[in-house]
Amino acid sequence: EILRGVVEFLLAETGRPYIDALVEDLVETGDNLQLTAGVVASVASGGLLPPPADKPSLSRLQTFSQILAGVSRAAGSSVQRGLFSGGSGPSLEERVKAVTKSVGIADREMQERALRETQRITGTVAVRLAELSARRALRTTTQGLLRVLE
């Protein structure tokens, strides 16, 4: 009942600022995970691949893992299956429908709103992460070229 109320609030216009803040957190977390992957790749390659110029935030990674663990514990098994099934499993639409039903939202209009908002969020996060990666790669390339030209 409480979870359904939270989801309905977030999907209402008054919940938009909270969703937008969540998007910012997701972008920062995704960027931090990309930086961490770059560090791991550099270490695994014995330095053949250079580490990223920017350093990942270990405290942010710790916070992310704690939140993920908390969500996993708090969510029922049907929500976990809806959120965390990977591979060639259900489509995004099917996952959103399963999650909304599992929290007690059976209204088709509300499920469609949840799908549209999920699509907006995933699209925004993907674009912002691609922009950050491209900007970082361009900066690294430019700095490398400037070092060579010195």
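**Exercise 1.** Decide whether asparagine 32 is buried or exposed, and find what surrounds this residue.

*Solution.* Step 1: asparagine 32 has a relative accessibility of 5%. Buried means under 20% relative accessible area, exposed over 50%, and partly exposed in between, with a 1.4 Å probe and protein chains only. Asparagine 32 therefore counts as buried.

Step 2: asparagine 32 is found in helix H2. Helices (H or I, at least four residues) are DSSP runs, numbered from the N terminus.

Step 3: leaving aside neighbours within four places in sequence, asparagine 32 is in contact with Pro56, Ser57, Arg60 and Leu61. Contact means heavy atoms within 4.5 Å.

Step 4: asparagine 32 and phenylalanine 64 are 32 residues apart along the chain, and their C-alpha atoms are separated by 9.9 Å.

A note on the source: this is a predicted model, in which local features need pLDDT of at least 70 and side-chain atom pairs count only at pLDDT 80 or more, while totals for chains, interfaces and linings use all residues. Residues are numbered from 1 along each chain as its sequence is written, and side-chain values use heavy atoms, with hydrogens and water left out.

**Exercise 2.** State how many salt bridges the structure holds, and locate the partners of arginine 4 and arginine 60.

*Solution.* Step 1: a salt bridge is a side-chain nitrogen of Lys or Arg within 4 Å of a carboxyl oxygen of Asp or Glu. The structure holds 12 salt bridges.

Step 2: arginine 4 pairs with glutamate 8, at 3.5 Å from N to O. Both lie in helix H1 (residues 2-11), and because they are four residues apart there, about one helical turn separates them. Arginine 4 is partly exposed at 24% relative accessibility, and glutamate 8 is partly exposed at 30%.

Step 3: arginine 60 forms a salt bridge with glutamate 28, with 3.1 Å between the closest N and O atoms. This pair links distant parts of the chain, since arginine 60 is in helix H3 (residues 58-74) and glutamate 28 is in helix H2 (residues 16-44), 32 residues apart. Arginine 60 is partly exposed at 26%, as is glutamate 28 at 41%.

**Exercise 3.** Find which residue forms a salt bridge with arginine 136, and say which parts of the chain the pair ties together.

*Solution.* Step 1: the partner is aspartate 54, and the closest N and O atoms are 2.8 Å apart.

Step 2: arginine 136 lies in helix H6 (residues 108-149), whereas aspartate 54 lies in the loop between H2 and H3, so the pair ties together parts that are 82 residues apart in sequence.

Step 3: arginine 136 is buried, with a relative accessible area of 14%, while aspartate 54 is partly exposed at 26%.

Step 4: arginine 136 is also touched by aspartate 31, whose contacts beyond four places in sequence are Leu129, Leu132 and Arg136. Aspartate 31 is found in helix H2 and counts as buried at 11% relative accessibility.

**Exercise 4.** Describe how H2 packs against H6.

*Solution.* Step 1: the axes of H2 and H6 are 9 Å apart, and the angle is about 40°. Axes are lines fitted to C-alpha atoms, for helices over the stretch in contact, and angles run from 0 to 180 degrees between N-to-C directions.

Step 2: angles under 35 degrees count as roughly parallel, over 145 as roughly antiparallel, 65 to 115 as roughly perpendicular and the rest as oblique. H2 and H6 are therefore oblique to each other.

Step 3: the contact includes Arg16, Asp20 and Asp31 of H2 and Glu117, Arg120 and Arg136 of H6. Its residues divide into nine nonpolar, four polar and eight charged. Ala, Val, Leu, Ile, Met, Phe, Trp, Tyr, Cys and Pro count as nonpolar, Asp, Glu, Lys and Arg as charged, and the others, Gly among them, as polar.

Step 4: a network of salt bridges links Arg16, Asp20, Glu117 and Arg120.

**Exercise 5.** Describe how H5 meets H6, and place threonine 100 in this contact.

*Solution.* Step 1: the axes of helix H5 (residues 92-102) and H6 come within 9 Å and cross at roughly 125°. H5 and H6 are therefore oblique to each other.

Step 2: Thr100 is one of the H5 residues in the contact, and Gln111 and Ala114 are among those of H6. The residues of this contact divide into four nonpolar, four polar and four charged.

Step 3: threonine 100 is buried, with a relative accessible area of 4%. Beyond four places in sequence, threonine 100 is in contact with Ile105, Gln111 and Ala114.

Conventions
Helix = DSSP H or I, 4+ residues; strand = E, 2+ residues; numbered from the N terminus.
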